[in-house]
Amino acid sequence: MSGSLSGKVAVVTGAGRGIGDAISGRLIADGAKVFALDKMLPDEPRERVTYIETDVTDPASVGAAFKAVDDKAGQVDILVSNAGIQRVGLVGKISFADFSSVIATHLHGLFLCASEVVPRMVERGAGGAIVSIASTAAFVGLPGRGPYCAAKAGILGLTRALSLEVATAGIRVNAVAPGFTRTKFIEQGLKDGSLQEDWMVARVPMKRLARTEEIAEAVRFLAGDESSYMTGQTVVVDGGWIVQGIPEAPTWLQTSAS
Ligand SMILES: NC(=O)c1ccc[n+]([C@@H]2O[C@H](COP(=O)([O-])OP(=O)(O)OC[C@H]3O[C@@H](n4cnc5c(N)ncnc54)[C@H](O)[C@@H]3O)[C@@H](O)[C@H]2O)c1
């Protein structure tokens, strides 16, 4: 397999479907060997991806998964911490169990996987790249999504701190913050009524949701030598959502209307 990631080994969590699956596809396309860690194995597994049933909230499960990667590949060059869940509810009503499960999946998941890969990367001495999937929710408040906003903001904090800890070892730690992306994750919100496609799209300056491949492209950039001097950063991929101050701006102030 040729490509600029040829010879690299990547671990992608939550890669059984959605954004994680697209990330696996993108890394494979450039020659990486990919291990997909997910608590659910996919109905249609990708060729050239090794799936390992893993719960990223469970230290023992994560430890066993990385042991399996050691046995099969003997190295890890890239970690993409992507596994995620959503639980919607107001503070005062949402249960501690639901709050904790969101924090555990996103934030503990990153911590546990990074705790496995950092010592391996340092010992091998060949550097590495860690990329986390955050969200625009890391920067703004979304009512009913307190656990999710807290978890995603926490990911950015850990990304910055870890980037400093491992900089001299040549390990870069960055994050991608997607906006609304068409996956089962969003479909769940459409089904329970906490999201509605018309107002979601209306609020995006580019007037559409993201495709999973567009998120994967940013991850691919941060995972490879193309971003060799970037660390501790977050790349927002949201069609302009987060920088928009006045959604109601008149159409004559938009190029497409002129
Ligand atoms: N879809 C969006 O609009 C959007 C926007 C911003 C950020 N994100 C983030 O992108 C990431 C991927 O989201 P998606 O839209 O592809 O969601 P998805 O629900 O389609 O996929 C999530 C995957 O994570 C896996 N997973 C969940 N809990 C796990 C656990 N404990 N251990 C291992 N695997 C686990 C699931 O089995 C699933 O395969 C998440 O971190 C999500 O928060 C998504």
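**Entry 1: Trp241 and its surroundings**

I began with Trp241, which is buried because its relative accessible area of 9% falls under 20%. I note at once that this is a predicted model, and I read every value below as computed from it. I then looked at what lies over the ring of Trp241, and found the charged end of Arg203 there, 4.5 Å from the ring centre.

I next checked the exposure of Phe180, a residue that turned out to be partly exposed, with a relative accessible area of 23%. Phe180 forms an aromatic pair with Trp241, and I recorded 6.1 Å from centre to centre and 75° between the planes, an arrangement that is edge-to-face. The pair links distant parts of the chain, since I located Phe180 in the loop between β6 (171-178) and α5 and Trp241 in the segment after β7 (234-237), 61 residues apart.

**Entry 2: aromatic pairs elsewhere**

How many aromatic pairs does a search of the whole structure find? The search finds two. I took Tyr148 and Phe185 next: their ring centres are 5.8 Å apart and their planes stand at 45°, so I entered the pair as tilted. This pair, too, links distant parts of the chain, with Tyr148 in helix α4 (residues 146-165) and Phe185 in helix α5 (residues 184-192), 37 residues apart.

Are the two partners buried or exposed? Tyr148 has a relative accessibility of 9% and therefore counts as buried, whereas Phe185, with a relative accessible area of 26%, is partly exposed.

**Entry 3: the crossing of α2 and α3**

I turned to helix α2 (residues 59-73) and helix α3 (residues 96-124), whose axes come within 9 Å and cross at roughly 35°. I noted the crossing as right-handed.

Which residues meet across this crossing? On the α2 side I listed Pro59, Val62, Gly63, Phe66, Lys67 and Asp70, and on the α3 side Leu112, Cys113, Glu116, Val117 and Arg120. Sorted by class, the contact has six nonpolar residues, one polar residue and four charged ones.

From this list I followed Asp70, which lies in helix α2 and counts as partly exposed at 27% relative accessibility. Its C-alpha atom is 9.5 Å from that of Arg120, although the two residues are 50 residues apart in sequence.

I also looked up Ser100 in helix α3, which is partly exposed with a relative accessible area of 23%. I entered a separation of 25 Å between the C-alpha atoms of Ser100 and Arg182, which are 82 residues apart along the chain.

After α3 I stopped at Ala126, found in the loop between α3 and β5 (128-133), where a relative accessibility of 49% makes Ala126 count as partly exposed. Ala126 and Gln75 are 51 residues apart in sequence, and their C-alpha atoms are 9.9 Å apart in space.

**Entry 4: Gly232**

Where is Gly232 found? I placed Gly232 in the loop between α7 (212-223) and β7, and its relative accessible area of 13% means that Gly232 is buried. Leaving aside neighbours within four places in sequence, I listed the contacts of Gly232 as Thr159, Arg160, Ser163, Val173 and Asn174. I also checked Gly232 against Ile130, 102 residues away along the chain, and found their C-alpha atoms separated by 10.0 Å.

**Entry 5: positive phi values**

I finished with backbone angles, beginning with Arg48, whose phi is near 70°, a positive value in a residue other than glycine. Arg48 has its place in the loop between β2 (33-38) and β3 (49-53), and at 51% relative accessibility I entered Arg48 as exposed, because the value is over 50%.

Lys207 likewise is not a glycine, yet has a positive phi of about 60°. I found Lys207 in the loop between α6 (197-202) and α7, where a relative accessibility of 48% makes Lys207 count as partly exposed.

Definitions and conventions:
Residues are numbered from 1 along each chain as its sequence is written. This is a predicted model: local features need pLDDT of at least 70, side-chain atom pairs count only at pLDDT 80 or more; totals for chains, interfaces and linings use all residues. Side-chain values use heavy atoms; hydrogens and water are left out. Axes are lines fitted to C-alpha atoms, for helices over the stretch in contact, and angles run from 0 to 180 degrees between N-to-C directions. Helices (H or I, at least four residues) and strands (E, at least two) are DSSP runs, numbered from the N terminus. A crossing is left-handed if the near helix is turned anticlockwise from the far one by less than a right angle, and right-handed if clockwise. Contact means heavy atoms within 4.5 Å. Ala, Val, Leu, Ile, Met, Phe, Trp, Tyr, Cys and Pro count as nonpolar, Asp, Glu, Lys and Arg as charged, and the others, Gly among them, as polar. Rings of Phe, Tyr and Trp (its six-membered ring) pair if their centres lie within 6.5 Å; planes under 30 degrees apart count as stacked, over 60 as edge-to-face and the rest as tilted. Buried means under 20% relative accessible area, exposed over 50%, partly exposed in between (1.4 Å probe, protein chains only). A charge sits over a ring if NZ of Lys or CZ of Arg is within 6 Å of the ring centre and within 35 degrees of the ring normal.
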